[in-house]
Amino acid sequence: MSTIRRMALVTAAPLVLAAAGIAHPHGLSRSTAADWTQLHIALLPVFPLLAVGLLVPLWHRPRLGLAGFATVVAWAGAFVYAAFYTGLDAVAGIAAGTAVEHVGETASLGPVKRPLYDTGEALGQAGAYALIGAIAATAVALFPKHGVRVLPGTVVLFAAGWSFVDSHIFWPRGVWTMLGFALGFALLAWGTAVERPTGKTGVEEHRNESRR
């Protein structure tokens, strides 16, 4: 896969989420409940795809050793993120929006929303922390093969990951968080496009030249 295609693939989900964050209602009320619900239904398959930015550079069969173990840990973290963050969208997004949309006109919205928000927030934070762990494991898995070229993307992804814990995609910080993920994934895709040259490779090339 070409570097441009890799970068397009890994940045697609965070860019879509950034655009959705601009349109995301700032709060859940009777007037915004329908939009709140429909937006979270539409984004339900998009949030898990954020992990594609880690899976693409790790797209190989893990070998024995630290790098292979870290690859499996990164895959597991990406899976936990996708599962638990989907839970946030389902509970605090779809369920809360549906409940508020159909609650009685005289009912207080606080007791309706608060338990769903609390549950959704716990699920979302578990997913976000799992994603941070997956980012760390990805860096460990890729460093032996690609060297310091993985560091710029990793640093940006760590910053975006910590922001993601409590920013979701709400404007403005959540949108900038998604743009940070897009930048970090692009840097990681660029940094892993070519393998780091090694001394062994140089010796082999010299031997090949001597045989000619």
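# Notebook: pocket lining and helix packing

I started with the second largest pocket, whose lining splits into eight nonpolar, seven polar and three charged residues. Worth noting up front that I'm working on a predicted model.

**Entry 1, the pocket.** I looked up the volume of this second largest pocket and got about 310 Å³. It has 18 lining residues, and those closest to the centre are Leu-88, Ala-92, Glu-121, His-168 and Phe-170. Which elements give two or more residues to the lining? I found helix 2 (33-43), helix 4, helix 5 and helix 6 (151-167). Helix 4 contributes the most, with five residues.

**Entry 2, the overall layout.** I stepped back to see what these helices belong to. I counted eight helices and zero strands, so to speak an α-α-α-α-α-α-α-α run from the N terminus on. The C-alpha trace spans about 90 × 30 × 25 Å along its principal axes.

**Entry 3, helix 4 against helix 5.** Both of these help line the pocket, and I wanted their packing. A reminder to myself: two packed helices are described by the angle between their axes and the distance between the axes. For helix 4 (residues 66-102) and helix 5 (residues 110-146), the axes come within 7 Å and cross at roughly 160°. Angles over 145 degrees count as roughly antiparallel, so helix 4 is roughly antiparallel to helix 5. I also checked the hand, and helix 4 passes helix 5 in a left-handed crossing. The contact residues sort into 30 nonpolar, eight polar and two charged.

**Entry 4, helix 2 against helix 4.** Here I have another pair from the pocket lining. Their axes come within 8 Å and cross at roughly 150°, and helix 2 and helix 4 are therefore roughly antiparallel to each other. This crossing is left-handed too. Which residues make the contact? On helix 2 I listed Ala-33, Ala-34, Trp-36, Thr-37, His-40, Ile-41 and Leu-43, and on helix 4 Asp-89, Ala-92, Gly-93, Ile-94, Gly-97, Thr-98, Val-100 and Glu-101. By type I get eight nonpolar, five polar and two charged. Ala-92 of helix 4 is in this contact, and I had already met Ala-92 among the residues closest to the pocket centre.

**Entry 5, helix 1 against helix 7.** Next I looked at the pair formed by helix 1 (residues 3-23) and helix 7 (residues 173-191), which pack at an angle of about 175° with their axes 8 Å apart. That makes helix 1 roughly antiparallel to helix 7. From helix 1, the contact includes Met-7, Val-10, Pro-14, Leu-17 and Ile-22, and from helix 7 it includes Met-178, Phe-181, Phe-185 and Trp-190. The contact residues divide into 16 nonpolar, three polar and one charged.

**Entry 6, the loop between helix 6 and helix 7.** Last, I went through the backbone for oddities. General background: most residues other than glycine have a negative phi, and most peptide bonds are trans. What did I get for the phi of His-168? It is positive, about 50°, although His-168 is not a glycine. His-168 sits in the loop between helix 6 and helix 7, and it is one of the residues closest to the centre of the second largest pocket. I then found a cis peptide bond joining Trp-171 and Pro-172, with omega about 5°. Pro-172 is likewise in the loop between helix 6 and helix 7.

Conventions:
Residues are numbered from 1 along each chain as its sequence is written. This is a predicted model: local features need pLDDT of at least 70, side-chain atom pairs count only at pLDDT 80 or more; totals for chains, interfaces and linings use all residues. Side-chain values use heavy atoms; hydrogens and water are left out. Axes are lines fitted to C-alpha atoms, for helices over the stretch in contact, and angles run from 0 to 180 degrees between N-to-C directions. Angles under 35 degrees count as roughly parallel, over 145 as roughly antiparallel, 65 to 115 as roughly perpendicular and the rest as oblique. Contact means heavy atoms within 4.5 Å. Ala, Val, Leu, Ile, Met, Phe, Trp, Tyr, Cys and Pro count as nonpolar, Asp, Glu, Lys and Arg as charged, and the others, Gly among them, as polar. A crossing is left-handed if the near helix is turned anticlockwise from the far one by less than a right angle, and right-handed if clockwise. On a 1 Å grid over the protein atoms alone, a cavity is a set of points where a 1.4 Å probe fits but cannot get out, and a pocket is an open set with protein on both sides within 12 Å along at least five of seven lines; lining residues have an atom within 4 Å of a point. Grid points are joined across faces, edges and corners, and a volume is the space filled by probe spheres set on the points.
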